[in-house]
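Welcome, and thank you for opening your viewer. Please load the model and switch to a cartoon display, then follow the stops below one by one.

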Amino acid sequence: MAELGSKGVTAGKIASNVQKKLTRAQEKVLQKLGKADETKDEQFEQCVQNFNKQLSEGTRLQKDLRTYLASVKAMHEASKKLTECLQEVYEPDWPGRDDTNKIAENNDLLWTDFHQKLVDQALLTMDTYLGQFPDIKSRIAKRGRKLVDYDSARHHFEALQTAKKKDETKIAKAEEELVKAQKVFEEMNVDLQEELPSLWNSRVGFYVNTFQSIAGLEENFHKEMSKLNQNLHDVLLGLDKQYSGNAFPVKAQPRKKTKLFARLRKKMSSDSTPAKANKSPSPPPDGSPITSPETKTVNHELEPSTLEAPGASIPKSPSQSSLPAVVVETFPATVNGTVEGGASSERADMPPGFLFKVQAMHDYTATDTDELQLKAGDVVLVIPFENPEEQDEGWLMGVKESDWIQHKELDQCRGVFPENFTERVQ
């Protein structure tokens with residue numbers, strides 16, 4: 001009998017809940033159609049909007065905080081591998097071996113402590129803060145349902161009162177249901193009216209405490225990490241002093257193209273036959289001699305007998321006829337493919353096409369005849385390549401300032417040099 005009674009109660013409760021849902025659905029339809037008025041509370045609706053906004057912001061903050069913690073953990077792992085690498089390459093007989101091991105150990109502990117404190121003082125606090133939202137959200141939804149029940153009971157009571165044929169028994173029962181629905185709604189409404197504004201105002205203190213905790217933990221972490229880094233710097237400085245003669249060398253970028261002057265020498269050699277001796281540049285239409293500074297004869301100097309007035313017949317000696325005139329063309333000044341300077345940048349005391357000055361920061365030992373030998377402190381006057389296609393990446397053409405001042409001759413003094421061994425000074 002008890003079992004049957006229990007089943008009966010359960011069935012009755014289910015039926016009651018179904019009836020409530022149907023009644024609420026009908027009431028909402030009538031309200032939307034404008035056939036039934038709806039109880040409004042604009043102040044409460046504003047509280048609900050604030051609640052939803054606060055929940056959205058808190059959820060985003062929690063997500064970003066978890067991402068931040070994941071990044072800290074990843075940095076910890078990366079830092080740990082880096083210090084382990086240092087321990088592996090640090091040879092046992094080097095000074096400071098024990099110190100580097102201790103620094104690596106402290107580095108690992110510092111990262112672990114930083115991550116754990118972030119979890120305890122920020123993430124767990126964040127979880128506690130958001131933990132109160134689901135219950136309140138559920139109560140807000142329940143309040144909405146009870147408000148519909150109250151409106152439905154009110155409308156039912158009003159309809160019985162205005163009916164032409166009144167049934168006092170039904171009216172009394174409807175009034176009783178109305179009072180009961182109103183009481184349940186108002187109890188929930190009053191509680192939420194107090195809690196929602198309080199929860200909304202609490203966000204300020206929560207944000208302050210959370211970000212203050214993170215900032216404080218970061219400050220202490222970086223302060224302690226700075227001390228460890230300084231200790232490591234001092235240890236490595238001691239190692240450097242003991243092995244100061246084995247400094248890491250600065251290397252030039254490899255040259256991939258055929259060497260410039262090697263090509264020029266090959267060209268001069270191939271042009272040294274009598275058949276090609278007469279291939280010299282034609283004079284200008286007005287008959288004036290070629291005086292362009294860009295046109296040079298790469299040969300022995302002419303004999304005095306050839307220096308006669310324009311238009312005179314100049315006999316060619318056998319030695320002269322075997323010396324071909326090699327015309328060196330002038331191209332726009334370029335450095336790494338960029339056109340710079342020009343006629344306006346040339347000065348009387350500088351070589352033709354002068355671009356800028358550089359100073360050697362390291363010694364450079366030439367590995368070919370067309371390269372400049374540099375000592376730290378040498379000043380080089382950079383000039384353009386006569387043919388931009390001859391320029392290798394990372395290499396410049398120039399003449400040492402001391403050589404230029406002494407000889408004023410490019411053919412014997414100019415050469416290429418690695419740009420990364422120098423620093424621009426002008």
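Before the first stop, here is a rule to keep in mind: two strands pair if DSSP finds at least two bridges between them. Please remember also that this is a predicted model.

**Stop 1: the sheet**

Select the strands β6, β5, β4, β3 and β7. In that order, these 5 strands make up an open sheet, and the pairing is antiparallel. At the edges you will find β6 (415-418) and β7 (422-424), each of which pairs on one side only. Turn the view slowly and look for the twist, which averages 50 degrees from one strand to the next. What holds strands together in general? Strands of a sheet pair through backbone hydrogen bonds, either parallel or antiparallel.

**Stop 2: across the sheet, strand by strand**

Start at the edge strand β6. Show the side chains of G415 and F417, which point one way from β6, then those of V416 and P418, which point the other way. Are these residues buried or exposed? All of them are buried.

Step over to β5, which pairs with β6 in the antiparallel sense over 4 bridges. Select L396 and you will see F417 of β6 standing opposite.

Next comes β4. Residues 379-383 form strand β4 and residues 395-400 form strand β5, and the two pair in the antiparallel sense over 4 bridges. Here, V380 stands opposite K400 in β5.

Now move to β3 (residues 356-360). This strand is largely enclosed by the rest of the structure, because 4 of its 5 residues are buried. β3 and β4 run antiparallel, joined by 4 bridges. To see them face each other, select K357 in β3 and L381, its opposite in β4.

Finish at β7, the other edge strand. It pairs with β3 in the antiparallel sense over 3 bridges, and V358 stands opposite R424 in β7.

**Stop 3: a turn of the backbone at K408**

Leave the sheet and select K408. It lies in the loop between α8 (401-407) and α9 (410-413). What is notable about its phi? The angle is near 55 degrees, a positive value in a residue other than glycine. For comparison, most residues other than glycine have a negative phi. K408 is partly exposed, with a relative accessible area of 45%.

**Stop 4: an enclosed space**

How can empty space inside a protein be found? Rolling a probe the size of a water molecule over the atoms shows where empty space is left. In this model, a search of the whole structure finds 1 cavity of 30 Å³ or more, and about 30 Å³ of space lies in the largest cavity.

Select T83, L86, T100, I103, A104 and L232 to light up the lining of the largest cavity. Which helices each supply at least two residues of this lining? They are α2 (42-89) and α3 (97-131). The largest share, 3 residues, comes from α3. By class, the lining has 4 nonpolar, 2 polar and no charged residues.

**Stop 5: aromatic rings**

Switch on the rings of the aromatic side chains. A search of the whole structure finds 11 aromatic pairs. Begin with W94 and Y243: their ring centres are 6.3 Å apart and their planes stand at 55 degrees, so the pair is tilted. This pair links distant parts of the chain, 149 residues apart, with W94 in the loop between α2 and α3 and Y243 in the loop between α5 (168-242) and α6 (260-270). W94 is partly exposed, at a relative accessible area of 23%, and Y243 is partly exposed as well, at 30%.

Then select F114 and F221. This aromatic pair is stacked, with 4.4 Å from centre to centre and 15 degrees between the planes. F114 lies in helix α3 and F221 in helix α5, so the pair ties together parts that are 107 residues apart in sequence. F114 counts as buried at 5% relative accessibility, and F221 is buried with a relative accessible area of 5%.

For a group of rings, select F51, Y129, F133, F206 and Y207, which ring pairs link into a cluster.

**Stop 6: a last look at α3**

Select L124 in helix α3. L124 counts as partly exposed, at 42% relative accessibility. Now add Q62: the two residues are 62 residues apart in sequence, yet 9.8 Å apart in space, C-alpha to C-alpha.

Conventions: Residues are numbered from 1 along each chain as its sequence is written. This is a predicted model: local features need pLDDT of at least 70, side-chain atom pairs count only at pLDDT 80 or more; totals for chains, interfaces and linings use all residues. Side-chain values use heavy atoms; hydrogens and water are left out. Axes are lines fitted to C-alpha atoms, for helices over the stretch in contact, and angles run from 0 to 180 degrees between N-to-C directions. On a 1 Å grid over the protein atoms alone, a cavity is a set of points where a 1.4 Å probe fits but cannot get out, and a pocket is an open set with protein on both sides within 12 Å along at least five of seven lines; lining residues have an atom within 4 Å of a point. Grid points are joined across faces, edges and corners, and a volume is the space filled by probe spheres set on the points. Ala, Val, Leu, Ile, Met, Phe, Trp, Tyr, Cys and Pro count as nonpolar, Asp, Glu, Lys and Arg as charged, and the others, Gly among them, as polar. Buried means under 20% relative accessible area, exposed over 50%, partly exposed in between (1.4 Å probe, protein chains only). Rings of Phe, Tyr and Trp (its six-membered ring) pair if their centres lie within 6.5 Å; planes under 30 degrees apart count as stacked, over 60 as edge-to-face and the rest as tilted.
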